[in-house]
Amino acid sequence: MVACSGNMPYSASMPKTATTARLEARLPADVHALLKRAAEIEGRSLTDFVVSAAQEAARKTIEESTIIRLSAEDQERFAEALIAPAPLTPAMERAISRHRRLIRRET
């Protein structure tokens, strides 16, 4: 029996590494200096600092685009509309009826 130790290449048990993509950007020297200074203050590499900041900005942008924020007055109107909805218009009644007929045909 042969004993093996150490890391063997092409081993099925090797952990999979995350794939990466490259991003390049040209920026003014003063912006580069600002980013570099901020990274140094946090004790991080410039790349780590920029990637982290960009990732956080992307998350914030996506979150802000998916969350609907309403004023207190609009929240109250929304709640009232849920609790006591307005009566259906004749056009809406016809649309619901047509939808139900179409759904019954498909099932």
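Start at the lining of the largest pocket, which by class has eight nonpolar, three polar and one charged residues. The model on screen is predicted.

**Stop 1: the largest pocket**

Select L23, E24, A25, L27, H32, L35, L46, T47, V50, V51, A54 and Q55; these residues line the largest pocket. The volume of this pocket is about 440 Å³. Now colour the selection by helix. Both α1 (29–41) and α2 (46–66) supply at least two residues each to the lining. Which helix gives the largest share of the lining? The answer is α2, with six residues.

**Stop 2: helix α1 and what follows**

Select α1 and put a distance between its end C-alpha atoms: they are 18 Å apart. At 1.5 Å a residue, the 13 residues of α1 should span 18 Å, so the model agrees with the expected value. Then step just past α1 to G43, which takes a positive phi of about 70°.

**Stop 3: the whole chain**

Zoom out and show the cartoon. The protein has four helices and zero strands, and read along the sequence its pattern is α-α-α-α. Switch to a surface coloured by element. About 10,700 Å² is exposed, and carbon and sulfur atoms supply 58% of that area. How much of the protein is made up of buried residues? Of the 107 residues, 2% are buried.

**Stop 4: R22 and E24**

A search of the whole structure finds five salt bridges. For one of them, select R22 and E24, whose side chains meet with N to O at 3.4 Å. Are these two residues buried or exposed? R22 counts as exposed because its relative accessibility is 73%, with over 50% as the cut-off. E24 has 64% relative accessibility and therefore also counts as exposed. E24 is also among the residues that line the largest pocket.

**Stop 5: R77 in helix α3**

Move to helix α3 (residues 72–83) and select R77 with E73. These side chains form a salt bridge, and the closest N and O atoms are 2.4 Å apart. Why are R77 and E73 separated by about one helical turn? They are four residues apart in α3, which means a separation of about one turn. An α-helix has 3.6 residues a turn, so residues three or four places apart point the same way.

Keep R77 selected and add D74. R77 and D74 also meet in a salt bridge, at 3.5 Å from N to O. Both residues lie in α3, three residues apart, about one turn of the helix. D74 has 30% relative accessibility, so D74 counts as partly exposed.

**Stop 6: a salt-bridge network**

Last, select E42, R44 and D48. Salt bridges that share partners join these three residues into one network. With E42, R44 and D48 still shown, add G43, the residue with the positive phi just after α1.

Key. Residues are numbered from 1 along each chain as its sequence is written. This is a predicted model: local features need pLDDT of at least 70, side-chain atom pairs count only at pLDDT 80 or more; totals for chains, interfaces and linings use all residues. Side-chain values use heavy atoms; hydrogens and water are left out. On a 1 Å grid over the protein atoms alone, a cavity is a set of points where a 1.4 Å probe fits but cannot get out, and a pocket is an open set with protein on both sides within 12 Å along at least five of seven lines; lining residues have an atom within 4 Å of a point. Grid points are joined across faces, edges and corners, and a volume is the space filled by probe spheres set on the points. Ala, Val, Leu, Ile, Met, Phe, Trp, Tyr, Cys and Pro count as nonpolar, Asp, Glu, Lys and Arg as charged, and the others, Gly among them, as polar. The expected span of a helix is 1.5 Å times one less than its number of residues. Buried means under 20% relative accessible area, exposed over 50%, partly exposed in between (1.4 Å probe, protein chains only). Accessible areas come from the Shrake-Rupley method with a 1.4 Å probe; for residues, only the protein chains shown count as cover. A salt bridge is a side-chain nitrogen of Lys or Arg within 4 Å of a carboxyl oxygen of Asp or Glu.
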